[in-house]
Amino acid sequence: MSIKSRPLSFIHDVPIIKTKMFWDGLKEGRIYATKCRDCGKIYFPPQADCPKCLKSNLEWISLSSEGEIETFTESHLKPQGFTHYEKPYIIAIAKTPEEVKVMGWLEGVEVNNVKVGMKVEITSRIQPDGYPVIIFKPKYMK
Amino acid sequence: MRRVAIIGVGNSRFGVRNDAILQEIAFEAVKEAFEDAGITQKDIDLSIVGSVGTRLYEALPAVPVNEYVGLDGKGPIRVEAACATGSAAVFTAYNAVASGYVDTAIAIGVEKMCEVDTPTSTAVGGRGGNYLWEFHMFGTSFAGYYALYATAHMSRYGTTEEQLAKVAVKAHKYGAMNPKAHFQKEISIEAALKSRVVCWPLKLYDCCPISDGAAAVILSSEEKVREFKVEDPVWIKAVGYSSDTSNLVRRPNYVGLGATVKAAGMAYKIAKIEPKDVDVATVHDCFTIAEIMAYEDLGFCRKGEGGKLIDEGQTYIGGKIPVNVDGGLKAKGHPLGATGCSMMYELAKQLRNEAGKRQAPLKKNIALAHNIGGTGHYCYVTILER
């Protein structure tokens with residue numbers, strides 16, 4: 001036996017002024033990181049402040065579009081906000097030649113054919129619902 | 001720092017508790033803890049309430065809980081450390097007593113997770129990493145996060161789906177013997193392997209359920225142990241803690257949890273013990289892969305040999321190191337805020353030789369609780385001794 005609570009919903013306006021380059025890059029298929037001009041540390045996900053130097057002197061760098069799969073899963077769970085996507089999606093983590101790791105959705109391959117160490121192309125797109133996503137595509141040896 | 005003892009423990013029944021609201025479940029655990037300690041509210045100086053609370057309609061859950069159990073005015077301090085909230089609550093109570101600021105404190109861990117639908121619960125859990133850079137774009141979930149670790153561990157060390165299933169079989173065996181467990185039935189390895197995929201390679205039986213429940217732990221100074229005439233105090237020998245990056249992409253690898261290694265190292269050093277000195281342990285098995293990694297990261301076996309340890313049955317009662325003989329998070333259930341306190345409940349019973357048919361043999365009277373928050377985002381390792 002139960003009664004319904006009063007509904008409460010949140011949709012946040014998330015400021016992206018300090019990371020605008022990253023979000024703009026996703027519209028063009030490019031992944032941007034930041035690099036501290038003082039200590040040289042690369043930050044991905046990008047951030048505007050370097051906790052190592054306690055300074056905010058960072059520049060934008062474009063990451064290589066090549067990556068190697070470190071791990072992956074195929075999600076059959078659909079959290080609220082993702083229930084309108086029809087199929088399960090493969091979430092993977094790939095390492096770029098800059099030794100930066102990126103999370104993305106791996107597409108164009110069945111989960112049973114994915115292997116750790118697989119080479120992928122890293123790109124991005126804007127979903128039909130307006131949300132951006134980083135995409136990995138298998139790079140087959142010619 | 002003063003010595004601190006656990007003098008009373010209580011645990012509600014875990015499960016889909018649509019028969020009760022948050023504070024009513026907390027009451028079950030608090031009442032049992034008071035009866036166990038032989039004291040009442042007037043003897044408590046400080047109350048700590050651990051609740052993750054992100055699925056609740058109650059925005060400030062500690063206060064209604066505290067009021068309902070008759071502790072208004074004695075705190076509360078509300079504590080949150082994701083799935084390690086219960087251990088963080090015990091640690092907060094421990095520090096207050098050890099420092100001499102108070103003499104007796106209660107840690108109450110409580111969670112209601114089943115009042116919202118599964119996609120909502122999954123979304124709240126999936127935000128337990130870094131919302132903007134992970135969940136927002138990729139729809140991560142807790143099962144998804146641990147599945148990323150499972151894939152990497154299987155790829156690196158050859159850990160198999162059968163070994164993961166064996167962890168679930170063990171959890172259900174002991175869950176079937178625990179009247180407070182969410183799942184009280186045994187399962188076969190075939191059923192586990194045939195269950196539906198949740199986040200590949202993790203299947204339904206690799207995952208803990210979404211549960212409601214509460215547990216409470218009362219801690220006192222040595223002086224109060226004598227004053228209350230507690231016959232069987234269980235001493236907190238050490239608490240180790242650590243954490244890791246919120247973003248999974250900033251982790252060095254996906255085959256173990258760095259926070260466990262650091263927290264365990266700290267706890268072993270303070271307690272002046274080695275992993276082999278532990279008689280019985282509760283480890284954070286929210287997913288079967290988490291238990292395999294915990295065996296390794298806590299030093300119960302070498303890195304990469306967690307699958308072998310379960311193959312050999314070494315973590316059953318009678319094995320080298322009995323683990324999660326209460327059913328673990330996997331079968332007993334994992335009401336987030338309650339879990340750490342429930343681990344103390346089980347280990348206090350074990351060290352007092354009160355675990356009945358689930359009693360592990362005691363040699364050194366040392367037990368270890370390993371409680372992870374998130375995907376290694378927090379870790380607490382608590383060592384108890386009687």
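Two strands count as paired here if DSSP finds at least two bridges between them. With that in hand, the place to start in this predicted model is a hairpin in chain A. Strands E5(A) and E6(A) make up this hairpin, with five residues between them. One residue of the turn, Glu99(A), has a positive phi of about 65 degrees. The two strands run antiparallel and are held in register by six bridges; one of the facing pairs is Ala92(A) with Gly104(A) in E6(A).

E6(A) has a further partner, strand E8(A). This time the pairing is parallel, and it consists of two bridges. Leu106(A) sits opposite Phe136(A) of E8(A). How buried is E6(A)? Six of its six residues are buried, so the strand is largely enclosed by the rest of the structure. The cut-off behind that statement is 20 or more other C-beta atoms within 10 Å of a residue's own.

Next comes the contact between the chains. On the chain A side, 32 residues touch chain B, which puts in 30 residues of its own. Which elements of chain A give two or more residues to this side? They are strands E4 (66–75), E5 (89–95), E6 (101–106) and E8 (132–138), so the list takes in both strands of the hairpin. E4(A) gives the most, at six residues. Sorted by residue class, the chain A side comes out as 19 nonpolar, nine polar and four charged.

E4(A) also pairs with a strand across the chain boundary. Its partner is E5(B), residues 197–200 of chain B, and the two run antiparallel with two bridges joining them. In one of the pairs, Ser75(A) has Cys199(B) as its bridge partner.

Within chain B, there is a helix pair to look at. Packed helices are described by two quantities, the angle between their axes and the distance between those axes. For H3(B) (residues 85–98) and H14(B) (residues 336–351), the angle is about 60 degrees and the axes are 5 Å apart. That angle makes H3(B) oblique to H14(B). On the H3(B) side, the contact is made by Thr85(B), Gly86(B), Ser87(B), Ala88(B), Ala89(B) and Val90(B). Facing them in H14(B) are Leu336(B), Gly337(B), Ala338(B), Thr339(B), Gly340(B), Cys341(B), Ser342(B) and Met344(B). By class, the contact residues split into seven nonpolar and seven polar, with no charged residue among them.

Definitions and conventions: Residues numbered from 1 in each chain as written. Chains lettered and ligands numbered in written order. Predicted model: local features only at pLDDT ≥ 70, side-chain atom pairs only at ≥ 80, totals over all residues. Axes fitted to C-alpha atoms, helices over the stretch in contact; angles between N-to-C directions. Helix = DSSP H or I, 4+ residues; strand = E, 2+ residues; numbered from the N terminus. Parallel < 35°, antiparallel > 145°, perpendicular 65-115°, else oblique. Contact = placed C-beta atoms within 7 Å. Nonpolar A, V, L, I, M, F, W, Y, C, P; charged D, E, K, R; others polar. Buried ≥ 20, exposed ≤ 12 C-beta atoms within 10 Å, placed from the backbone.
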